[in-house]
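I keep these entries as I go through one structure. Each entry records what I looked up and what I found.

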Amino acid sequence: METIQPVRGTSDLLPAEKARHNHVIDSAKQGAAQFGYAEIATPIFEFTDVFSRPLGASSDVVAKETYSFEDRGGTGLTLRPEGTASAMRAIISNGLTQTLPQRWFYAGPMFRYERPQKGRMRQFHQIGCELIGQAGALGDAEIIACGVHILKSLGVLERTSLHLNTLGDSESRDSYRAVLIRYLEGYRKSLSEDSQRRLDTNPLRILDSKSETDKEILQDAPRLKTHLTSEAEAHFDAVKQALDAASIAWVEDPFLVRGLDYYSHTAFEFITDQLGAQGTVLGGGRYDGLSQTLGGPPLAGVGFAAGVERLALLGEDMPGQRPDLALLAAEKTAEADLFALGCSLRDTGFSAVNLYTGNMGKKMKAASKLEARFAIIAGDDELGRGSVSVRNMQDGVQTEVKISALASWLENVLSR
RNA sequence: GCGGGUGUAGCUCAGUAGGUUAGAGCGCCAGUUUGUGGUACUGGAUGUCGCCGGUUCAAAUCCGGUCACUCGCCCCA
């Protein structure tokens with residue numbers, strides 16, 4: 001069968017699934033708003049540099065997962081693989097560096113050229129929060145608390161655990177990187193192929209290798225923790241204290257290293273074991289160096305992003321959309337009147353669906369399938385008396401109501 | 001990018017020592033009910049068996065390729 005299909009790794013969001021997505025997005029938006037995060041939207045594509053510079057050329061996202069192309073003018077563009085770089089670019093572009101901090105929320109599609117899997121798509125959707133221009137551990141704690149709040153409001157918090165690590169400041173990382181390389185060089189031949197390559201390009205990433213032999217080698221590797229500057233250590237301690245004070249549970253995970261180069265200090269992920277290989281449901285961290293890689297001034301920032309698909313997969317099914325009313329005419333001659341009645345009922349705020357095809361039985365069946373709360377039935381009889389029959393679809397009780405009194409009658413019965 | 005699994009009706013799936021008209025359940029359509037659904041009963045429609053090629057008198061079934069989905073690796077949301 002050669003029926004036309006959507007592009008690999010993309011999919012249509014049909015009503016039931018789109019409803020779940022909307023639920024995730026709406027809850028997140030509302031939760032973020034309680035923290036003072038206002039929604040923004042940036043373009044879906046940017047100059048390629050916006051992503052390649054901050055994320056790091058050696059990062060997997062940029063090296064092999066990016067949708068990059070030249071437009072007709074020969075300009076190098078990239079479909080956004082994530083939201084933080086765009087947000088920071090927007091801060092700089094709009095001169096908002098004078099009015100900090102900014103608390104932003106966003107939701108929208110992201111694009112990564114990857115092998116599709118459950119909970120992993122080439123076009124997927126993220127919600128995210130960015131707190132830009134706020135240094136200090138309380139900023140990190142606030143962002144994490146915001147993530148907790150959103151996961152809680154979606155009822156999935158208890159199905160995740162919060163993993164926490166610090167990547168230190170650049171001074172800490174530089175000294176640690178040297179020590180780590182020295183240690184790992186001794187095992188170079190035993191490391192997995194990927195890790196051998198990373199040893200040259202991005203040694204810190206070896207820390208979260210999933211290879212068993214790599215893990216063994218790493219057991220005795222020097223820890224970043226012992227190479228932190230006293231400032232970096234104090235920062236991390238303050239984050240943990242703030243989380244404890246807010247009763248937010250966390251586990252320290254020294255092997256948590258996030259894939260994007262711009263992170264520094266705190267890195268965190270909310271991980272679940274219920275989505276197969278795609279365990280990370282919400283992740284983020286501090287990115288104090290990001291602004292400068294985009295040509296902006298030094299600016300602090302922390303943020304997170306969460307996958308809408310993954311959250312929708314974790315959350316339970318949402319009730320579908322139900323109309324208040326279904327309108328069905330008993331005779332052809334009544335159709336126009338019911339059409340008009342539907343329009344006026346919608347004007348007064350009800351959701352109403354007109355049914356046009358089939359006999360009464362078919363129409364009732366359709367009304368019941370739509371899960372309409374009430375069916376408004378009328379033929380020439382009722383209309384002649386200036387009224388309609390209103391049937392409660394749940395208990396089957398049917399009453400005749402004057403059209404002039406219909407709106408208030410329904411109002412009364414529906415608000416109950 | 002690398003490995004494993006799967007691809008038969010709208011959906012979930014049966015169907016192997018290759019054999020003639022390819023099945024079930026759900027759903028859909030119609031009727032029992034010519035102005036009344038959700039239950040029940042009766043009847044009906046639906047497939048180039050993913051695609052291309054090969055073996056064979058004969059392929060949904062065997063072989064090769066290809067595409068898609070899926071699980072894992074990698075990486076992340």
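**Entry: helix H7.** The model is predicted, and I began with helix H7, residues 193-201. Which residues of H7 are buried? I found Ser195, Arg198 and Leu199. I then looked down the axis of H7 and noted that these buried residues fall within an arc of 110 degrees, so they line one face of the helix. I recalled the general rule that an α-helix has 3.6 residues a turn, so residues three or four places apart point the same way. On the other side of H7 I found Glu193 and Asp200, which are exposed. What covers the buried residues of H7? I listed helix H6 (170-185) and helix H8 (212-219), which are included in the cover.

**Entry: nonpolar cores.** I looked up the largest nonpolar core and noted that it has 40 residues. Which residues have the most contacts inside it? They are Ile144, Phe268, Phe270 and Phe304. Helix H5, residues 137-153, gives the most to this core, with 9 residues. Apart from this core lies another, of 23 residues. I wrote down some members of that other core, including Phe124, Ile132, Leu294 and Leu299. In soluble globular proteins, nonpolar side chains tend to be buried together.

**Entry: H5 and H9.** I stayed with H5 and turned to how H5 packs against H9. Their axes are 8 Å apart, and the angle is about 45 degrees. H5 and H9 are therefore oblique to each other. I noted the crossing of H5 and H9 as right-handed. Which residues make the contact? From H5 I listed Ala137, Leu138, Asp140, Ala141 and Ile144. From H9 I listed His235, Ala238, Val239, Ala242 and Leu243. Ile144 is also in my entry on cores, among the residues with the most contacts inside the largest one.

**Entry: H1 and H5.** I next looked up helix H1, residues 15-34, whose axis comes within 9 Å of that of H5. The two axes cross at roughly 140 degrees. Are H1 and H5 parallel or oblique to each other? They are oblique, because angles over 145 degrees would be needed for roughly antiparallel. H1 passes H5 in a right-handed crossing. On the H1 side, I found Ser27, Ala28, Gly31, Ala32 and Gln34. These meet Cys146, His149, Ile150 and Ser153 in H5.

**Entry: two histidines.** I looked up His235, which is found in helix H9, residues 230-245. Is His235 buried or exposed? His235 is buried, because its relative accessible area is 13% and the limit for buried is under 20%. Leaving aside neighbours within four places in sequence, I found His235 in contact with Gly136, Ala137, Asp140, His265, Thr266 and Arg286.

His265 was on that list, and I looked it up as well. His265 is found in strand E9, residues 264-271. His265 is buried too, with a relative accessible area of 11%. Not counting residues up to four places away in sequence, His265 touches Asn165, Thr166, Leu167, Gly168, Asp169, Ala232, His235, Arg286 and Asp288. I noted that Arg286 is in the contact lists of both histidines.

**Entry: Glu411.** My last look was at Glu411, in helix H15, residues 403-414. Glu411 is partly exposed, with a relative accessible area of 48%. How far apart are the C-alpha atoms of Glu411 and Glu216? I found a separation of 67 Å for these two residues, which are 195 residues apart along the chain.

Conventions. Residues numbered from 1 in each chain as written. Chains lettered and ligands numbered in written order. Predicted model: local features only at pLDDT ≥ 70, side-chain atom pairs only at ≥ 80, totals over all residues. Heavy atoms only, no water. Core = buried A, V, L, I, M, F, W, Y, C linked by side-chain atoms within 4.5 Å. Buried < 20%, exposed > 50% of the residue type's maximum accessible area, 1.4 Å probe, protein only. Helix = DSSP H or I, 4+ residues; strand = E, 2+ residues; numbered from the N terminus. Contact = heavy atoms within 4.5 Å. Arc of directions from axis to C-beta. Axes fitted to C-alpha atoms, helices over the stretch in contact; angles between N-to-C directions. Parallel < 35°, antiparallel > 145°, perpendicular 65-115°, else oblique. Left-handed = near helix turned anticlockwise from the far one by under 90°.
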